[in-house]
Structure formats: structure tokens, C-alpha cells
Amino acid sequence: MFNYVINALKFILKTIIVLFLVYLQIMYIWPLFNLDYSYLNLTSILYTFQFICIFIIGNKKYDNEFNILWLISIIVFPIIFIPIYLFSVYVRSNIIKKFEKNNSISTNVEQNDINEKIFEEDKQIYNIGKFIENACNTNFRFCDKYIYYPTGNNFFSDFIYDLKNAKKYIFINFFILSKGVMWEDIKDILIKKMNSGVKVYIIFDHLGSFTSYPRDIKKIKHNNFHLKIYNTLLSGIGPYINSRNHRKIIVIDGEIGFIGGINIADEYINNGKFKYKWKDTAIRFNGKIVNDLTNMFIKIWNDISTNDKLNINDFIVRNDIIVKDNGYLILYSDRLYNKYYTSKNVYLQCINIAKKYVYIMTPYLILDEEFTNTLIRASRSGVDIRIITPKKPDNIFVHTVTRTYYTKLLEAGISIYEYSLGFIHAKNMLIDDEIAIVGSQNFDFRSMYMLLENGILAYKIKEIDKIKNDFINTFKQSEKIELEKWKKRSIFVKIGESILKIFAPLL
């Protein structure tokens, strides 16, 4: 209760500061009709700070689209956005230093063996692994069991089965945790497992679940139940507000791991009030890579905890069984203000090494210039690139901006399909029958630059055919966008799309 009051007071204070800045901005504009000496002094101060901000922005190496938005905001509304920008730069630099300090890398005999094998098979894949190692401190693992779920219904049945068989602990991390049939089934099992001694740890994102999360989850009082709500809206206004925990993590007993695009909400198992089909995907895996997922969960838990921090040694499983005949897996993630932009650069590196084809499923296609040019360059080099987006939107504004990218991509020979049966929420990439990526990261600015994401890259695993078959089936269930027909859209539609595209980095 005390923490809630403190956060509420912080929220009120920061709201007052923002309102005061808005007031000053109005007072700044108003004297334009009656110039005096004091106004000129204020403008000279503002021009100085504008120059400082523009100098900082001009020397940034990345995020050109964000930089343009910052420049416009600082020039048009200097009193509001100059302090917000300078504060965000300060916060960002300190968090990056903290993450770099804590990003140590360890290797072992087994890992050296894997690295040597991959280096011999494909130097480019080896390089991607080294990039992920430096960005996330994770490594390629030999693939043990790997199950791909082309729908939420397939995933949910196995997830429930594994929950019922949990013996030690359960980790759950979702962007959305929504009340409904899916949650009630999960909750009933969790309560039974807690009563039998299983420890349950749950994290969900406050903004992602703000209007839908089951309020009774806070009323669960049990020694084995532990709950964290990530980045509550009362924690303040500013750089953190857009930094959401978009990851999907399930770990059971350190032996079973799940990740993908699926959240806990009825639409993901097509059991809700959603009026058309919702398609999403997930994967289940075993083996030593589960320890990496366990570590990922514990790191974020400890980042948002004060007293109840977890010790990784209490949860990892030491398994000496090594499976070497089913390819490799590597887990990766994005962290808050991570300068590596891991998800984006893993995608880009995989596209760059493609020889035959690149297949993509994504609900949102809002790309920066670098990503767009990489896709176009690959297509014009003879790589067959096909992208599946939704026919039915979950957000009309985001869907409209997604469609603004079609023309340029289509003109470059890239094929675009819209999933005719409804909304596709899967975030998958498949390259040349050898590389598959499944995770939480969308193909948009938020996932590439702002959100905490995670994904798993599979290389030369036997189950990759199942992912390819899902792509082929989904192509058949989708409408292919034809360039000539697409160009004949209404001029008013095109103008509206162009206006919305200006705000693409914010969507």
C-alpha cells in the first residue's frame, strides 16, 4: 500500500510538471503578438537549448526516423520537449552503462565444441551467433526436443498438460494477461500446484494488460505465489512509459520452455468474442537452452524487485545429456535501451545471408529505412521474399501505416499476402530451409527500438519442415496483393496513409 501511495504521488508530481511545461509553452507562443524584452531573453535561452539538442541528435548514429520526430517536436514545442529529450538522453546513457557493466560472457568446453562445428558448417551463421553472444550473453545449444505450434489451440493443450505435471516451479511472463476462459483454466491449475508445493512466479506488463487483467490475481494470497507487474503506469511519465515488457516466457521446472507470440487471452485460442480467426504461433523446447530462458526470466524479475530477488543457481537444471543430431538453437532478447538492437539486427543478418528465400509472418510491418532497403536489396538480388500480414486489423491506425509500405516493397518484387481468415499475430521468419526464428518481436519500430523482446533462432533442426508447411498453408489462406491493383486505391486513402506514416515511429 505504501509503495502504491508513493508511486501515485510521483505520478501526480510528474503530471504537474508536464502541465506546467504545457503552460509555459502557451505563454511562450502568446507574446508573439506583443514582443517585449523579457520575451526576447526567453527565446535566446530556448534557442541555446534547441541548438544543444539538435547537436546531440545530429551526432546520433541510429534511429533516423526518431531523430526527425524529436527535431520537429523540439523546434515547434521547445518548452515541452527540450527538458523531456535531455532527461531521456540522461536516463538512456546511464542504463546503457549499467547493462554493459553486467554483460559478462562465459564459455565452456561444450560451447567451444558447438562453436567449432557451426564455424565449419557456415561461417555466416557462426557470426550471427557471436553477435547474439555479445549482445545477450547466450550461445548456440544443441537442439533437443522442439515442437512448433501453428495455432494457439495447439499450444494451449500442451501448456495445460505441462502445468499439471509441474513439480518444483513455474515461471510465466506475458505482455497481456487477460481475464477469460484461458486464464481461469490456468489459474485453477496454478492454485492446485501451489497447494502441492510448486512455486509460481508471474510477470505481466501493466500497459499491455491495463484494461483486461483479472483484478482478483492481486487477491491470491499464498506462500508459493509471487507476482510482479512490469512498469506500472503510476511509476511515472517520461522515457520509461514506452519501454514495455513484450516478452513471452514460460519455464516449468527448468526442463520445459515456451516462447512465441501468444499471450494469455481468449482470442489467442479462438475462444473469445473476437469476430474473426486469430492466428498465432509458439514453440516448446527442452534441453540446456531452457537454462538460458530461466536466466532471462530471473534477470527481469530481479530488475523490478527490491527484496525478493531470485538466485539463478536455485532454478537451473544441470543436465549432462548432450544431443548432437538435431541442429542448434540460440535464444536472444532485447533489453531496455540496448544499443545492440538485437531483434532488428538478427533479422537483418539472416536476410543478408539468404540465398533462396525469406518468408515472414508479422502483424505489423512498420519498417525503418535500413530494414526496408535490406529487404529490397535481397529481393533485387534474386531472393524470393514473401511477407504475410493481417487482412483484418486489431488496430486500424497501425494497419493503415503497415499498408503504406506495400507499394515500395511490391515495386521491388517482394510478394505481400494478407491473411484472409482474420488477424495474424505470429512473428516468424524462415530462411532457405535452414534458419527459423519464432519469438515475440514484431517488424515495427516499437519492437526494434523500445520493447523488451525475445526470440529463438533454430539452425538445421529436423522440425523446420513443420514451420515451412505452416507458411505454405498460410499463403494459401491469404490474398496476394497485386501491384497494379494496389496503385488504384483512392487518392484520399493514399493521402491519409501518407499523413499517418509520419507518426510511424510512435506506433
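Which residues in helix 11 meet which residues in helix 12? In this predicted model, Lys344, Tyr347, Leu348, Ile351 and Asn352 in helix 11 meet Glu370, Phe371, Thr374, Leu375, Arg377 and Ala378 in helix 12. By class, the residues of this contact divide into six nonpolar, two polar and three charged. The two helices pack with their axes 10 Å apart and at an angle of about 15°. Helix 11 is therefore roughly parallel to helix 12, and their crossing is left-handed.

The protein as a whole contains 18 helices and 18 strands. Of its 507 residues, 53% are buried. Contacts that span long stretches of sequence are frequent in the following sense: among contacts between residues at least 6 apart in sequence, 82% join residues at least 24 apart.

Helix 11, which comprises residues 342-353, also packs against helix 6, which comprises residues 123-136. Here the axes are 10 Å apart and the angle is about 175°, so helix 6 is roughly antiparallel to helix 11. On the side of helix 6, the contact is formed by Gln124, Ile125, Asn127, Ile128, Phe131, Ile132, Ala135 and Cys136. On the side of helix 11, the residues are Thr342, Asn345, Val346, Gln349, Cys350 and Ile353. This contact of helix 6 with helix 11 has nine nonpolar, five polar and no charged residues.

Within helix 6, Ile125 illustrates how distant parts of the sequence are brought together. Ile125 counts as buried because its relative accessibility is 2%, below the 20% limit. The C-alpha atoms of Ile125 and Cys350 are 8.3 Å apart in space, although 225 residues separate the two in sequence. Beyond its neighbours within four places in sequence, Ile125 is in contact with Ile118, Phe140, Ile353, Ile435 and Tyr459.

A third helix pair is formed by helix 7 (residues 152-164) and helix 8 (residues 181-195), whose axes come within 9 Å and cross at roughly 15°. Helix 7 is therefore roughly parallel to helix 8, and passes helix 8 in a left-handed crossing. In this contact, Phe155, Phe156, Phe159, Ile160, Leu163 and Lys164 in helix 7 meet Met182, Asp185, Ile186, Ile189, Leu190 and Lys193 in helix 8. Nine of the residues are nonpolar, none is polar and three are charged.

In soluble globular proteins, nonpolar side chains tend to be buried together. The largest nonpolar core in the model has 99 residues, and those with the most contacts inside it are Phe155, Ile186, Leu375, Met429 and Leu457. Helix 6 supplies the largest share of this core, seven residues. Among the residues with the most contacts in the core, Phe155 and Ile186 also take part in the contact of helix 7 with helix 8, while Leu375 takes part in that of helix 11 with helix 12. Leu457, not counting residues up to four places away in sequence, touches Ile128, Phe140, Tyr328, Leu329, Ile330, Tyr332, Val346, Cys350, Ile435, Ala436 and Ile437. Apart from the largest core lies another, of 44 residues, which includes Ile203, Leu331, Tyr417 and Ile464.

Several loop residues were also examined. Thr362 is found in the loop between strand 11 (357-361) and helix 12 (369-380). Thr362 is buried, because its relative accessible area is 0%. Leaving aside neighbours within four places in sequence, Thr362 is in contact with Ile387, Ile388, Thr389, Pro390, Ile424, Ala426, Asn442 and Phe443. Thr362 and Phe423, 61 residues apart in sequence, lie 10.0 Å apart in space, C-alpha to C-alpha.

Most residues other than glycine have a negative phi. Asp253, however, has a positive phi, near 60°. Asp253 is placed in the loop between strand 6 (249-252) and strand 7 (256-260), and counts as buried because its relative accessibility is 9%. Lys460 likewise has a positive phi, of about 55°, although it is not a glycine. The position of Lys460 is in the loop between strand 17 (454-459) and helix 16 (464-476). With a relative accessible area of 37%, Lys460 is partly exposed.

Notes:
Residues are numbered from 1 along each chain as its sequence is written. This is a predicted model: local features need pLDDT of at least 70, side-chain atom pairs count only at pLDDT 80 or more; totals for chains, interfaces and linings use all residues. Side-chain values use heavy atoms; hydrogens and water are left out. Axes are lines fitted to C-alpha atoms, for helices over the stretch in contact, and angles run from 0 to 180 degrees between N-to-C directions. Helices (H or I, at least four residues) and strands (E, at least two) are DSSP runs, numbered from the N terminus. Angles under 35 degrees count as roughly parallel, over 145 as roughly antiparallel, 65 to 115 as roughly perpendicular and the rest as oblique. A crossing is left-handed if the near helix is turned anticlockwise from the far one by less than a right angle, and right-handed if clockwise. Contact means heavy atoms within 4.5 Å. Ala, Val, Leu, Ile, Met, Phe, Trp, Tyr, Cys and Pro count as nonpolar, Asp, Glu, Lys and Arg as charged, and the others, Gly among them, as polar. A nonpolar core is a set of buried Ala, Val, Leu, Ile, Met, Phe, Trp, Tyr and Cys residues joined through side-chain atoms within 4.5 Å. Buried means under 20% relative accessible area, exposed over 50%, partly exposed in between (1.4 Å probe, protein chains only).
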